[in-house]
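The following paragraphs walk through how a few helices pack and where the internal spaces lie. Please keep the sequence and the model in view while reading.

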Amino acid sequence: MDLLKRPFAQPVAVAGLPPPVFRRLRDIVYGHAGLFFEDSKQYFVEKRLERRMQDLRIVDPEEYLRRLEADLGRAELHNLIEELTVNETYFFRNVPQLEGFSTKVLPRLIAAKRQAGTRTLRIWSAACSTGEEPYTLAIILREALPDLTNWHVEVLGTDIDRNALRTAHRATYEARSVKDVPPDLLTRYFTVSDGKWQVAPEVTKLVSLQQVNLIDKHAMRRMSGFDVIFCRNVLIYFDDSSRRLTLGYFYDALNPGGYVFLGHSESVGRITAAFRIERLETFLCYSKQAM
């Protein structure tokens, strides 16, 4: 049958996805990206699946599943995962935590680096979505290092979602994304045109972007030498097995004395004892023992 002649006058609806199909789709996504969807998330998966089926002009979920199984590791699997990932973010998200990073953790790291005679500082924003977090961290670093030109500073933003990374590369955002940026920093590091906010070049030049799957062992084992890793509101989508795996990669990627920042509802305590838990005022962070 000619795909273009299939009956698509009405949007695809997959409400009541057969349980075996839902579970198989879930297993495929989990196996590739570590994202685990409980049975209670079936409605969410159905709504996102509808978009993919609509694009492919497929009306039968089982036909879509066959297409996906025949296409493992290729474009459609990436497309489905990108539909299922949540890209909700904005600049200076969770200000108290960022203030703790800026006023407690960063001064320690800078002092230790100066004492050791090194001027390299590397921050990883894991699952950075559309880029607001790595650019926020780059702004904080610029503010914390008046002698920035004497340092080698890198903020690496990674995400599995290629569309999100394309937005991050453009570094142009709607007003909603910058609503929590302090006014003086908004004036200093952004320009506005036609209602769009563009991040200044002195910030974007500190940030590099890369597609990385957090459970891809080959990609993750190449990550090393980071002083701080931010991975906020991501592990909540993983099961314990994927969380343990990812936190193990983070541990290996950190320099001794480095830190991990997670979302406020996330914790490593139940998953691994490798990190030392530190309470900094109103939030927790996790450090790797210094040598």
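**Helix packing and internal spaces**

In this predicted model, helix H1, which covers residues 19-33, packs on helix H3, residues 61-70, at an angle of about 25°, and the two axes are 10 Å apart. Angles under 35 degrees count as roughly parallel, so H1 and H3 are described as roughly parallel to each other. Their crossing is left-handed. On the H1 side the contact is made by Val 21, Arg 24, Leu 25 and Ile 28, and these meet Pro 61, Glu 62, Tyr 64, Leu 65, Leu 68 and Glu 69 of H3. Sorted by class, this contact of H1 with H3 contains seven nonpolar and three charged residues, with no polar ones.

H1 also packs against helix H4 (75-84). Here the angle is about 95° and the axes lie 11 Å apart. An angle from 65 to 115 degrees counts as roughly perpendicular, and H1 is therefore roughly perpendicular to H4. The residues of H1 in this contact are Leu 25, Ile 28, Val 29, His 32 and Ala 33; their partners in H4 are Leu 77, His 78, Leu 80, Ile 81 and Leu 84. The contact of H1 with H4 has eight nonpolar and two polar residues and no charged ones. Leu 25 and Ile 28 of H1 thus appear both in the contact with H3 and in the contact with H4.

H4 has a further helical partner in H2, residues 42-56. The axes of H2 and H4 come within 9 Å and cross at roughly 140°, which makes the two helices oblique to each other. H2 passes H4 in a right-handed crossing. Phe 44, Val 45, Arg 48, Leu 49, Arg 51, Arg 52 and Leu 56 are the H2 residues involved, and they meet Glu 76, Asn 79, Leu 80, Glu 83 and Leu 84 in H4. By class, the contact of H2 with H4 divides into six nonpolar, one polar and five charged residues.

What lines the largest cavity? The lining consists of Phe 22, Leu 25, Arg 26, Val 29, Phe 37, Val 45, Leu 80 and Leu 84. Four of these residues come from H1, the largest share, and H1 and H4 each supply at least two. Several lining residues also take part in the helix contacts: Leu 25 and Val 29 of H1 meet H4, and Val 45 of H2 belongs to the contact of H2 with H4. The lining has seven nonpolar residues, one charged residue and no polar residue. The volume of the largest cavity is about 60 Å³, and a search of the whole structure finds one cavity of 30 Å³ or more.

The largest pocket is a separate topic. Its volume is about 510 Å³. The lining of this pocket is made up of 26 residues, and Val 86, Ala 127, Asp 159, Asn 233 and Val 234 lie nearest the pocket centre. By class, the lining of the largest pocket comprises 15 nonpolar, six polar and five charged residues.

Conventions:
Residues numbered from 1 in each chain as written. Predicted model: local features only at pLDDT ≥ 70, side-chain atom pairs only at ≥ 80, totals over all residues. Heavy atoms only, no water. 1 Å grid on protein atoms, 1.4 Å probe; cavity = no way out; pocket = protein on both sides within 12 Å on 5 of 7 lines; lining within 4 Å. Points joined across faces, edges and corners; volume = space filled by probe spheres on them. Nonpolar A, V, L, I, M, F, W, Y, C, P; charged D, E, K, R; others polar. Axes fitted to C-alpha atoms, helices over the stretch in contact; angles between N-to-C directions. Helix = DSSP H or I, 4+ residues; strand = E, 2+ residues; numbered from the N terminus. Parallel < 35°, antiparallel > 145°, perpendicular 65-115°, else oblique. Left-handed = near helix turned anticlockwise from the far one by under 90°. Contact = heavy atoms within 4.5 Å.
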